[in-house]
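Grab a coffee and work through these exercises with the model open beside you. Try each task before you read its solution.

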Amino acid sequence: FLWPLYGTAELPQAFCRMCAVFGGIYVLKKRVTRLIVDSENKFQGVVSDGKRLNGKWLIANPSYICAIEGMGVETTKSVSRGIFITDRSIRSSDEEKVTLLTIPPSVSETPSIVRALELGPPNFACPKKSHVVHLTSTSSESQSAKETLRRTADFLFDVGAGNAEKPRVFWRLYFSQTEMRLRDEVGSLPVNVLATSEPDGDLGFQQALTKARSLFDAICPEEDFLPAPPDPDDVVYEQEESRNNPGEEKEEEKVPVQEENRSEER
């Protein structure tokens with residue numbers, strides 16, 4: 001089991017860096033207001049801030065697609081999440097950098113198991129003399145995350161009862177995530193518009209990786225998935241005027257006047 005230092009935010013950053021190395025372009029702080037589809041129901045581009053951006057494919061979260069086109073989505077299941085910052089580890093020993101626990105329904109009093117992931121200072125995910133714990137479990141939409149995970153939190157932590165044998169909670173947060181997918185009756189979705197998957201209740205990223213590979217194979221069936229990035233020194237960029245940023249003006253090279261030339265002019 002591998003865990004990235006500084007937390008899972010390093011994973012999307014790694015994808016962003018890899019995309020940039022292979023020539024990807026990022027447009028930030030822009031909102032897509034409309035999809036452009038031709039008469040053959042094929043995606044052609046998007047409209048953002050009144051400007052058209054052409055594209056061969058569109059990959060988006062189902063919630064974005066339904067918000068833009070008014071398409072319906074359906075909820076598959078709800079995932080309850082809890083984040084806790086404690087004064088010490090759940091384990092009696094702090095040698096382990098990552099702690100994984102599975103709490104059965106007989107203890108958590110939930111329909112499904114609760115998974116606990118604890119990270120310590122060696123992971124650079126929390127300050128020294130503290131730990132961060134993530135609780136995850138599937139639940140019904142009618143039950144809040146706090147109601148789902150409260151029994152497990154009482155079992156693992158001291159949440160105000162004054163039990164010195166358990167880690168004391170400095171801060172906690174409960175929230176719910178819903179897994180959505182486009183409804184089957186949406187047959188008008190263009191073939192070159194692909195929907196990603198929602199976060200699930202697993203601690204790993206196997207589902208996201210599998211979905212990413214399936215989308216990649218649909219667009220680039222003959223290409224290697226996640227090739228090793230080249231050494232930055234080996235990357236050759238095309239020297240073309242069209243590759244300059246719009247509105248960028250080149251500064252004329254200024255030749256410094258030598259002191260001996262000045263003396264001759266005098």
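## Exercise 1: A link across the chain

Glu109 and Arg151 make a salt bridge, with their closest N and O atoms 3.5 Å apart. Keep in mind that you're looking at a predicted model.

**Task.** Work out where in the chain the two partners of this salt bridge sit, and how exposed each one is.

**Solution.**
- Step 1: place the partners. Glu109 is in the loop between α3 (105–108) and β7, while Arg151 belongs to helix α4 (residues 145–156).
- Step 2: check the separation. The two are 42 residues apart, so this pair links distant parts of the chain.
- Step 3: look at the cover. The relative accessible area of Glu109 is 60%, and the cut-off for exposed is over 50%, so Glu109 is exposed.
- Step 4: do likewise for Arg151. Its 35% relative accessibility makes Arg151 partly exposed.

## Exercise 2: The other salt bridges

**Task.** Find how many salt bridges the whole structure has, then say what the pair Lys30 and Asp49 ties together.

**Solution.**
- Step 1: count. Searching the whole structure turns up three salt bridges.
- Step 2: recall the idea behind them. Side chains of opposite charge can pair when their charged atoms come close.
- Step 3: take Lys30 and Asp49. Their side chains meet in a salt bridge at 3.2 Å, N to O. Lys30 is in the loop between α1 and β1, and Asp49 is in the loop between β2 and β3, so the pair ties together parts 19 residues apart in sequence. Asp49 is partly exposed, at 48% relative accessibility.
- Step 4: add Arg88 and Asp87, whose side chains meet in a salt bridge at 3.5 Å, N to O. Arg88 counts as partly exposed at 29% relative accessibility, and so does Asp87 at 23%.

## Exercise 3: An open sheet

**Task.** In the sheet with the order β1-β2-β3, say which strands stand at the edges and why one side of each has no neighbour.

**Solution.**
- Step 1: get the layout. The three strands form an open sheet, and their pairing is antiparallel.
- Step 2: find the edges. β1 (32–37) and β3 (51–54) each have a single partner strand, so one side of each is left without a neighbour in the sheet.
- Step 3: check the twist. On average, neighbouring strands here are turned by 30 degrees against each other, direction ignored.
- Step 4: zoom in on one pairing. β2 (residues 43–48) is joined to β3 by four bridges in the antiparallel sense, and Val46 has Leu53 in β3 as its bridge partner.

## Exercise 4: Around β7

**Task.** Say which strands pair with β7, and whether β7 is mostly covered or open.

**Solution.**
- Step 1: start with β6 (residues 98–103). Six bridges join β6 to β7, and the two run antiparallel. Here Thr99 has Glu118 in β7 as its bridge partner.
- Step 2: turn to β8. β7 and β8 are antiparallel and share five bridges, with Val132 in β8 as the bridge partner of Leu119.
- Step 3: check the cover. Five of the six residues of β7 are buried, so to speak mostly covered.
- Step 4: move on to the loop between β7 (114–119) and β8 (131–139), where you'll find Phe124. Phe124 is partly exposed, at 46% relative accessibility. With Leu5 and Tyr6, Phe124 forms a nonpolar surface patch of about 330 Å² accessible area together.

Methods
Residues numbered from 1 in each chain as written. Predicted model: local features only at pLDDT ≥ 70, side-chain atom pairs only at ≥ 80, totals over all residues. Heavy atoms only, no water. Patch = residues over 30% accessible without salt bridge, like charges linked within 9 Å, V, L, I, M, F, W, Y side chains within 5 Å. Areas by Shrake-Rupley, 256 points an atom, 1.4 Å probe, with all protein chains shown as cover. Salt bridge = Lys/Arg side-chain N within 4 Å of Asp/Glu carboxyl O. Buried < 20%, exposed > 50% of the residue type's maximum accessible area, 1.4 Å probe, protein only. Pairing = 2+ DSSP bridges. Axes fitted to C-alpha atoms, helices over the stretch in contact; angles between N-to-C directions.
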